[in-house]
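Visitor: I have just opened this structure and would like to learn how to read it. Could you walk me through it step by step?

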Amino acid sequence: RRLLDDLGSVIKNNNHHFFGVIVYMPQKVTVTSQEYLIIDGQQRITTISLLLLALKDCCSNGSQIIKKVENYLTYKSNDDEYELKLKPIKSDNSQYKSLLGHNQDQLDQNSNLVKNYLLAKKTFSNWINKKQITPEQILSSLKQLEVVGISVDSNDDDPQLIFESINSTGVPLTNSDLIRNYLLLKAKDPEKLFNNYWIKIENLLRENNSNNELDNFFRQLMIMNFSAKVTNSKVYQYFEEYCESTFENREEALKAVLEYAKIYAAFVNPYQSKYNDEIKKWLFDINYLNQSTSYPFLMEIFHNYENGSINEKILTKVV
């Protein structure tokens with residue numbers, strides 16, 4: 001909404017608008033394009049792409065704007081099929097593809113991508129039909145957004161340090177945002193690790209586009225490992241220390257985190273877990289009474305059960 005208001009001001013006053021910082025790292029070069037990893041600015045680029053799509057869908061067939069916008073969103077690959085220029089994280093990518101493909105039956109109305117697209121489309125339609133603002137003016141206003149672009153050299157710069165230190169107008173980074181990038185940015189094969197581990201962790205604990213439960217999990221995990229009080233502001237610092245002192249590489253760390261995430265998911269949604277009915281009942285009671293202070297202890301107990309150190313009878317009795 002804030003950005004749409006700013007675009008309205010740009011159209012009215014014919015001025016430029018500073019949009020923030022984009023930090024990116026050049027990746028592989030393909031036959032058709034140069035790929036970039038966006039270190040900071042994912043929200044801005046995704047939002048602009050949604051605005052462009054909304055503008056295109058507000059135009060009547062035959063409008064020259066449609067072709068111009070398509071050139072921003074897609075390119076033609078070798079097999080003559082259109083490829084998307086933006087690849088969001090996997091949990092958002094399916095919704096982004098569905099929006100561009102107009103696959104209405106696959107859209108999740110709770111997705112932030114869908115909500116923002118619909119808001120932009122409604123706003124642009126109102127501008128065009130009621131305020132006599134043309135699609136050309138809207139596209140021109142998008143072109144008048146200015147950014148500072150910072151290219152990071154993977155050989156000389158530490159992308160994680162840059163990611164941590166940037167202070168921009170976007171939504172503040174959560175601990176799970178910082179941890180995800182710490183585990184993936186400097187890994188040898190980040191896409192493999194993302195698909196094999198991180199997306200599974202997100203699917204277990206991320207609900208309704210919120211990182212709250214994921215952040216709670218990492219805090220409880222650090223309390224368990226350090227047997228100390230860990231405030232939210234210190235979670236990432238503790239996690240870095242935990243990984244550096246415990247694991248030889250990022251994959252080992254992600255594998256361990258996934259194991260504990262599966263356990264923690266049973267605390268949050270006990271009746272969806274694999275454990276016996278009595279354990280489910282006790283876990284539900286603990287959750288209902290909001291006794292999460294017991295989770296660090298229970299995580300270790302359940303881990304002992306999972307690796308065979310204790311049997312189900314003992315686990316049930318402890319819970």
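**Reading the model, feature by feature**

Guide: Gladly! Let's begin with a single residue: I201 sits in helix α9, which covers residues 190-205. Please keep in mind that this is a predicted model.

Visitor: Is I201 buried or exposed?

Guide: Buried counts as under 20% relative accessible area. I201 has a relative accessibility of 0%, so it counts as buried.

Visitor: Which residues does I201 touch, leaving out those up to four places away in sequence?

Guide: With those left out, I201 touches L214, L254, V257, L258 and A261. Take V257 as an example: I201 and V257 are 56 residues apart in sequence, yet their C-alpha atoms are 7.9 Å apart in space.

Visitor: May we try another residue? Where is V10 found?

Guide: V10 belongs to helix α1, residues 2-13. Its relative accessible area is 2%, so V10 is buried. Not counting residues up to four places away in sequence, V10 touches N15, H17, S141 and Q144. There is also a pair to look at across the sequence: V10 and I138 are separated by 128 residues along the chain, while the distance from C-alpha to C-alpha is 9.2 Å.

Visitor: Now to helices in pairs. What describes two packed helices?

Guide: Two things describe such a pair: the angle between the axes and the distance between them. Look at helix α3 (residues 64-73) and helix α6 (residues 135-143), which pack at an angle of about 25° with axes 11 Å apart. That angle makes α3 roughly parallel to α6, since angles under 35 degrees count that way. The crossing of α3 past α6 is left-handed.

Visitor: Which residues make the contact between α3 and α6?

Guide: From α3 come I65, K68, V69 and Y72, and from α6 come P135, E136, L139 and K143. Sorted by character, the residues of this contact are five nonpolar, three charged and no polar.

Visitor: Let me practise on another pair. At roughly what angle do α10 and α11 cross?

Guide: Helix α10 (residues 212-226) and helix α11 (residues 235-246) cross at roughly 55°, and their axes come within 10 Å. These two helices are therefore oblique to each other. Their crossing is left-handed. On the α10 side the contact is made by F218, R219, M222, N225 and F226, and on the α11 side by V235, Y238, F239, E241 and Y242. Seven of the residues in this contact are nonpolar, one is polar and two are charged.

Visitor: And the strands? In what order do they form the sheet?

Guide: Three strands make an open sheet, in the order β2-β1-β5, with mixed pairing. The edge strands are β2 (34-40) and β5 (145-151); each has a single partner strand, so one side of each is left without a neighbour in the sheet. On average, neighbouring strands are turned by 45° against each other, direction ignored.

Visitor: How many bridges join β1 and β5?

Guide: Seven bridges do, and β1 (residues 17-29) pairs with β5 in the parallel sense. To find one in the model, start at Y24: its bridge partner in β5 is S151.

Visitor: Which helix lies across these strands?

Guide: Helix α2, residues 42-58, lies across β1, β2 and β5, and runs at about 100° to β1.

Definitions and conventions:
Residues numbered from 1 in each chain as written. Predicted model: local features only at pLDDT ≥ 70, side-chain atom pairs only at ≥ 80, totals over all residues. Heavy atoms only, no water. Pairing = 2+ DSSP bridges. Helix = DSSP H or I, 4+ residues; strand = E, 2+ residues; numbered from the N terminus. Axes fitted to C-alpha atoms, helices over the stretch in contact; angles between N-to-C directions. Contact = heavy atoms within 4.5 Å. Parallel < 35°, antiparallel > 145°, perpendicular 65-115°, else oblique. Left-handed = near helix turned anticlockwise from the far one by under 90°. Nonpolar A, V, L, I, M, F, W, Y, C, P; charged D, E, K, R; others polar. Buried < 20%, exposed > 50% of the residue type's maximum accessible area, 1.4 Å probe, protein only.
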